[in-house]
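Colleague: I would like a close look at a single part of this model, namely how its helices pack. Please give the cut-offs behind each term as you go.

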Amino acid sequence: MSARPAAAPTSAGDTVLAGMVRRNPAWVQLLGLCPLLAVSSSTVNALALALASGGVLIGSNVSISALRRWIPPFVRLPAFVLVVATFTTCAVMLMEAYAFDVYLRIALFVQIIVTNCMILGRAESFASRNPVLPSLLDALGTAAGFAAALLLLGMVRELLGQGSLFAGMELLFGPQAAAWRLDIAGDGGGLLLATLPPGAFIIAGLLLAAGNAIGKSHRS
Amino acid sequence: MADSMSGSVLAFLALVTGCGILIAATAALTGERIDANRAQRFQQTVTAMAGPGARVTDLQWSNDVAHLCNGRALLRGIASGYGGDMHWLAAADIEAAPPALTGVRITRHQETPGIADFVNQPERGWLASLSGRSAGEMAQVDTVSGATITSRALRRALDSALQRPALATPECEQ
């Protein structure tokens, strides 16, 4: 069925860790950059998108893995897209029902999770060739890696752009989360560039360079 | 070969059905809450636009005009923008002659993100510049460059809405 044999069995921790670090979808594979750059203007937006993407990734990886013997190889891509689109539609509805204010801010980018090549990539290269449990771990690792990248970028941009951290968390976690807000640079102020799309590219590039430098010094 | 082909088609159809069921179940689970969220958001928008002393519960819409009984009226309508229908809501001062806008909100739209973002920002920018205008004065508001179709459609829709006959006849029992 699959062109290549399943990956050699590895430990659960390795699978998760690989998704988070060695092939981190955002910083190493550079996948899913459109939502990454568009939504990361604040931590709360970044977290909401990370949760939605992660949910879709886990759902699609597990179901594609469970159904892999019944999905005909020559229609596997339409089948994968169908599964991803189904979970995305469900994520959109759940978000509109339970996190309406955040949904209004990032609705478009939740809808285009369906075109996120990170998710289709895991379906094609991992879930369609491996049993359910490793696929779940793979999805968890990849989702955590994507979330870490989104949150890092979101926190840096919010800090530079608005001088605050974790503002608006009450939109996701209820009223008591309003107290999580940290004002670091005081009101107003801030670097406007950091909140705009060009700032997202610049900061993402700098973070990427820093990550590569750390990786290099580890290897040598 | 024919057998495996029809088996594949069946498997694919089963997958489609399964996905459909999952979506229908989620829709059934969330539908009520989504409707409540949207209604609450609409009510918040109305309250924010109505001004002091307005009758905002149980709005009586006739010909897409609802009188607020504080010298203002709400107008609603659909303008066709660049990406499809834009549902708009406006408040007008009907004691002024001719009636003048006091606020405009876009409640639903599919305009291009990044280019027509001003439709989401009622307090500042282009939508706020419509306030104070009456029918015939819309041409004084510049269109937004890059979003000419969007802004022109809104100008035209609001211009004709301000001339609605229903605006002149308040239905308020004291």
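Modeller: What follows is a description of one helix and its packing partners, and then of two further helices.

This is a predicted model, in which local features need pLDDT of at least 70 and side-chain atom pairs count only at pLDDT 80 or more, while totals for chains, interfaces and linings use all residues. Residues are numbered from 1 along each chain as its sequence is written, and chains are lettered from A and ligands numbered from 1 in the order in which they are written.

I begin with helix 3 of chain A (residues 43-66), where helices are DSSP runs of H or I with at least four residues, numbered from the N terminus. Two packed helices are described by the angle between their axes and the distance between the axes. Helix 3 of chain A packs with helix 6 of chain A, residues 117-125, at an angle of about 20° and with the axes 10 Å apart; the axes are lines fitted to C-alpha atoms over the stretch in contact, with angles running from 0 to 180 degrees between N-to-C directions. Helix 3 and helix 6 of chain A are therefore roughly parallel, a term for angles under 35 degrees. On the side of helix 3 of chain A, V56(A), L57(A), S60(A), N61(A) and I64(A) take part, and they meet I119(A), R122(A) and A123(A) of helix 6 of chain A, a contact being a pair of residues whose C-beta atoms, placed from the backbone, lie within 7 Å. The residues of this contact divide into 5 nonpolar, 2 polar and 1 charged, where Ala, Val, Leu, Ile, Met, Phe, Trp, Tyr, Cys and Pro count as nonpolar, Asp, Glu, Lys and Arg as charged, and the others, Gly among them, as polar.

With helix 7 of chain A, residues 132-162, the axis of helix 3 of chain A comes within 8 Å and crosses at roughly 165°, which means that helix 3 and helix 7 of chain A are roughly antiparallel, the word for angles over 145 degrees. The residues of that contact comprise 19 nonpolar, 9 polar and 2 charged.

Helix 3 of chain A is also one of the elements against which the buried residues of helix 5 of chain A pack, together with helix 2, helix 4 and helix 8 of chain A. Those buried residues are V102(A), Y103(A), R105(A), I106(A), F109(A) and V110(A), buried requiring 20 or more other C-beta atoms within 10 Å of a residue's own.

Helix 7 of chain A likewise has a further partner, since the buried residues of helix 10 of chain A pack against helix 2, helix 7 and helix 9 of chain A; they are A200(A), I203(A) and A204(A).

Note on methods
A residue is buried if 20 or more other C-beta atoms lie within 10 Å of its own, exposed if 12 or fewer, and partly exposed in between; C-beta atoms are placed from the backbone. Helices (H or I, at least four residues) and strands (E, at least two) are DSSP runs, numbered from the N terminus. Two residues are in contact if their C-beta atoms, placed from the backbone, lie within 7 Å. Angles under 35 degrees count as roughly parallel, over 145 as roughly antiparallel, 65 to 115 as roughly perpendicular and the rest as oblique.
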